[in-house]
Amino acid sequence: CSATVPATMRIERSQILRGSASGKVGSDAVISVNNMEGLSCAGKMFIPVTETTTEGTIQCNDKRKGTFIAKGKGDSWAADGKLNDGSKFLLLLGTKRTPLDY
């Protein structure tokens, strides 16, 4: 069965984007986040059946794109990665914590 969970992305210099991720175990989750300033990013991440680490990609409407490594399981993941302009970011999927907790 497929699930949709909250998603939050925090880019260096405190840009915070919120949205959702949907998918199911054994396939790609689709991530979509945006903020009030018009920045939006979309990505995907494979949700493994047994592993607790996976990789994903993200692309933003300001031409930045990047990759990330996520750790977690089921519908709760925490990821960190880097965009092609050198900015680091955190991505949280399905977790109740906020990026400010990290």
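The following paragraphs lead from the whole protein chain to one residue, methionine 45.

This is a predicted model, in which local features need pLDDT of at least 70 and side-chain atom pairs count only at pLDDT 80 or more, while totals for chains, interfaces and linings use all residues. Residues are numbered from 1 along each chain as its sequence is written, and side-chain values use heavy atoms, with hydrogens and water left out.

The protein chain has zero helices and eight strands, and along the sequence these give the pattern β-β-β-β-β-β-β-β; here helices (H or I, at least four residues) and strands (E, at least two) are DSSP runs, numbered from the N terminus.

For overall size, the C-alpha atoms fill a box of roughly 35 × 25 × 25 Å along the principal axes. The radius of gyration of the protein chain is 12 Å, which agrees with the value near 13 Å for a compact globule of 102 residues; this radius is taken over C-alpha atoms, and the globule rule is 2.2 Å times the number of residues to the power 0.38. Of the 102 residues, 37% count as buried, a word that stands for under 20% relative accessible area, with exposed meaning over 50% and partly exposed in between (1.4 Å probe, protein chains only).

Methionine 45 lies in strand S4, which covers residues 40-46, and it counts as buried because its relative accessibility is 1%. Leaving aside residues up to four places away in sequence, methionine 45 touches several others, including Ile31, Phe68, Trp77 and Leu93, where contact means heavy atoms within 4.5 Å. Glu55 is also among the residues touched, and the C-alpha atoms of methionine 45 and glutamate 55, ten residues apart along the chain, are separated by 6.0 Å.
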